[in-house]
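Let's take a walk through a protein model together. Keep the sequence and the 3D view open, and look up each spot as we get to it.

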Amino acid sequence: MTDHAVVIAGGGPTGLMLAGELALAGIDVVIVERRPSQDLDGSRAGGLHSRTIEVLDQRGIAERFLSEGQKHPSVGYAYIPLNISDFPTRHNYLLALWQSRFEHILAGWIDELRVPILRGREVVGLAQDDVGVDVELSGDTSFRAQYLVGCDGGRSAVRQAAGIDFPGLDPSTSWMIAEVEMDEQPEIGVRPEGGGIGPVNRVDGGGPFGVVLKERQVDHTGKPTLQDLSAALTVAYGTDFGAHSPTWISRFTDMSRQAASYRQGRVLLGGDAAHVHPPQGGQGLNTGVQDAVNLGWKLAQVVDKRSPEDLLDTYHAERHPVGARVLHNTMAQVALSNPDDRHRALHDTMTELLGMDEPRRRFAAMLSGLDIHYDLGEGHPLLGRRMPDLDVHTADGPTRVYSLLRSARPVLLNLGEPGGYDISPWASRVRLVDAEHDGPWELPVLGEVAAPRAVLIRPDGHVAWTGDLTDPELPRALATWFGAATVAR
Ligand SMILES: Cc1cc2nc3c(=O)[nH]c(=O)nc-3n(C[C@H](O)[C@H](O)[C@H](O)COP(=O)(O)OP(=O)(O)OC[C@H]3O[C@@H](n4cnc5c(N)ncnc54)[C@H](O)[C@@H]3O)c2cc1C
């Protein structure tokens with residue numbers, strides 16, 4: 001039995017991101033991944049939303065993804081395009097990038113951070129006690145860890161072994177999804193009932209083509225075949241366009257379920273292990289990556305004994321409502337893509353409503369993750385929201401706020417008189433930066449807000465406190481989020 005501080009089950013998007021966050025904080029972490037390599041069967045997620053690109057930017061790795069993807073000015077709600085190019089973020093677009101590339105690039109970062117990945121092995125069981133977890137692996141081995149995080153997808157073995165409930169809705173609709181060559185040029189574009197056909201290579205076009213088709217029945221036994229795909233294409237288009245040589249064929253449904261608790265003692269869940277929903281709006285991978293960024297620094301502080309264990313409860317408190325909202329909006333999007341006349345009328349009505357400025361901004365901010373607001377109580381509108389990536393001047397010269405977050409450490413950004421605060425009781429944990437910013441403070445949906453004198457920014461980029469450095473709430477906020485004050489030696 002080998003000891004690790006944290007074992008992560010699953011090296012998909014969520015597990016990789018979490019491993020990176022923990023490694024940045026110096027935590028001994030290992031990933032156990034069932035797949036023998038990072039290669040993915042099928043393309044799955046097709047893009048990154050603004051907030052996900054922002055969190056990658058906070059770690060200084062956004063450029064790696066931007067250089068391989070294509071920027072689109074709109075996000076889609078039930079296939080209704082919502083333009084976000086006027087949003088106050090440096091990443092006011094959707095980045096089209098297949099999940100297979102996303103995972104490879106992220107795995108490259110994890111490799112640089114020297115996180116070990118045990119491939120071709122599965123977590124098959126667990127037993128937790130007051131001080132740790134025995135993590136049982138396939139191949140008759142085990143790990144002893146302080147914490148186990150299940151990032152092992154929708155059928156999570158960790159969630160099941162921990163006995164965490166997964167309530168929600170059974171599927172009402174099934175879609176076939178495939179990548180396939182076609183002898184004839186297919187009809188490219190979205191279908192009225194959802195799905196459609198598009199080239200896998202979005203830049204050069206041509207085959208193979210990605211196909212998504214709504215199926216007539218929900219329940220199926222066995223995997224779909226090329227024959228099934230040809231038949232479904234013929235029903236939808238009157239021809240199968242000479243489909244042949246599929247790279248892969250699969251199915252997905254609109255099942256919507258969410259873990260009743262994201263934490264049970266020393267076992268935590270993130271990503272699809274914590275929430276599954278249909279892909280409308282393209283939010284699954286994005287939500288998982290953002291779960292990881294919320295959990296990483298909290299788990300690191302608890303493992304390091306800088307913070308008490310109950311800091312981990314804020315992970316569920318903050319991320320469960322975010323997941324619930326994603327489930328809710330995907331359910332609505334599935335209903336809106338019903339092809340019958342009444343639902344089409346509803347879809348037309350929504351299209352008209354979302355053509356108006358305020359509804360467009362609200363829905364687009366929801367899909368892109370820019371409106372996420374953790375409930376940290378009453379106060380300045382920034383409290384609990386993401387910190388905007390402002391250009392600032394510091395003693396080291398011009399920079400921007402997200403560059404200050406690269407090492408995943410909290411920052412107390414002082415925009416008032418320099419040198420007005422004694423950070424020494426938290427100096428080993430929190431970086432005090434004196435800075436100037438001349439421009440406006442603008443938030444998505446809310447618009448311009450009053451410039452605060454100082455801001456306490458958590459490693460995930462969310463604002464934990466704003467105010468004047470003399471505010472007695474500041475030491476309380478520092479202690480709540482980053483542990484008790486220590487006496488400088
Ligand atoms: C058709 C389709 C389209 C999609 N489109 C989008 C989109 O446009 N945008 C978007 O954001 N999301 C989209 N998604 C959702 C997205 O693919 C998932 O939300 C995302 O992959 C979740 O990442 P994850 O790391 O949480 O889980 P997963 O990607 O499922 O990764 C889990 C990992 O755990 C491993 N594993 C499983 N069990 C074990 C075990 N017991 N032990 C060890 N390892 C294990 C698996 O091999 C896998 O690597 C789509 C999904 C589908 C099916």
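**A walk through the model**

Let's start with F102, which is buried, with a relative accessible area of 1% ("buried" means under 20% relative accessible area, "exposed" means over 50%, and "partly exposed" is what falls in between, using a 1.4 Å probe and protein chains only). Before going on, note that this is a predicted model, where local features need pLDDT of at least 70 and side-chain atom pairs count only at pLDDT 80 or more, while totals for chains, interfaces and linings use all residues. Residues are numbered from 1 along each chain as its sequence is written, and side-chain values use heavy atoms, with hydrogens and water left out.

So which residue forms an aromatic pair with F102? A search of the whole structure turns up seven aromatic pairs, and in one of them F102 is partnered with F65. Rings of Phe, Tyr and Trp (for Trp, the six-membered ring) pair if their centres lie within 6.5 Å; planes under 30 degrees apart count as stacked, over 60 as edge-to-face and the rest as tilted. The F65 and F102 pair is tilted, with 5.1 Å from centre to centre and 35° between the planes. This pair links distant parts of the chain: F65 belongs to helix α3 (residues 62–66) and F102 to helix α4 (residues 99–112), 37 residues apart. Helices (H or I, at least four residues) and strands (E, at least two) are DSSP runs, numbered from the N terminus. Like its partner, F65 is buried, at a relative accessible area of 1%.

Now jump to W297 and F482, another tilted aromatic pair, with 5.8 Å between centres and 50° between planes. Here too, distant parts of the chain are linked, with W297 in helix α7 (residues 284–303) and F482 in helix α11 (residues 473–482), 185 residues apart. Both of these residues are buried. Add W481, and you have one aromatic cluster made of W297, W481 and F482.

Rings can also have a charge sitting over them. That label applies if NZ of Lys or CZ of Arg is within 6 Å of the ring centre and within 35 degrees of the ring normal. Find R159, which lies over the face of F166, 3.5 Å from the ring centre. Then look at R202, whose charged end sits over the ring of W98, 3.9 Å from its centre.

Next come the salt bridges. How many does the structure hold? There are 33, each one a side-chain nitrogen of Lys or Arg within 4 Å of a carboxyl oxygen of Asp or Glu. One of them joins R386 and E54, with the closest N and O atoms 2.6 Å apart. R386 sits in the loop between α10 (357–368) and β22 (391–394), and E54 in helix α2 (residues 50–58), so this pair links distant parts of the chain, 332 residues apart. Both R386 and E54 are buried.Compare that with R362 and E358, whose side chains meet in a salt bridge at 2.8 Å, N to O. These two are four residues apart in helix α10, which means that about one helical turn separates them. R362 is partly exposed at 48% relative accessibility, and E358 is partly exposed at 35%. Salt bridges that share partners join D86, D357, E358, R360, R361 and R362 into one network.

What about the backbone? Most residues other than glycine have a negative phi, and most peptide bonds are trans. Look at A78, which has a positive phi near 50°. You'll find A78 in the loop between β5 (74–77) and β6 (80–83), and it is buried, with a relative accessible area of 2%. S245 also has a positive phi, of about 45°, but its place is in strand β17 (residues 243–253) and it is partly exposed at 44%. For a cis peptide bond, go to G207 and P208, where omega is about -5°. P208 is in the loop between β15 (196–199) and β16.

Last stop: the second largest pocket, with about 400 Å³ of space. Among its 16 lining residues, the closest to the centre are K214, E215, R216, A232 and V235. Helix α6 gives the largest share of the lining, five residues.

Notes. 1 Å grid on protein atoms, 1.4 Å probe; cavity = no way out; pocket = protein on both sides within 12 Å on 5 of 7 lines; lining within 4 Å. Points joined across faces, edges and corners; volume = space filled by probe spheres on them.
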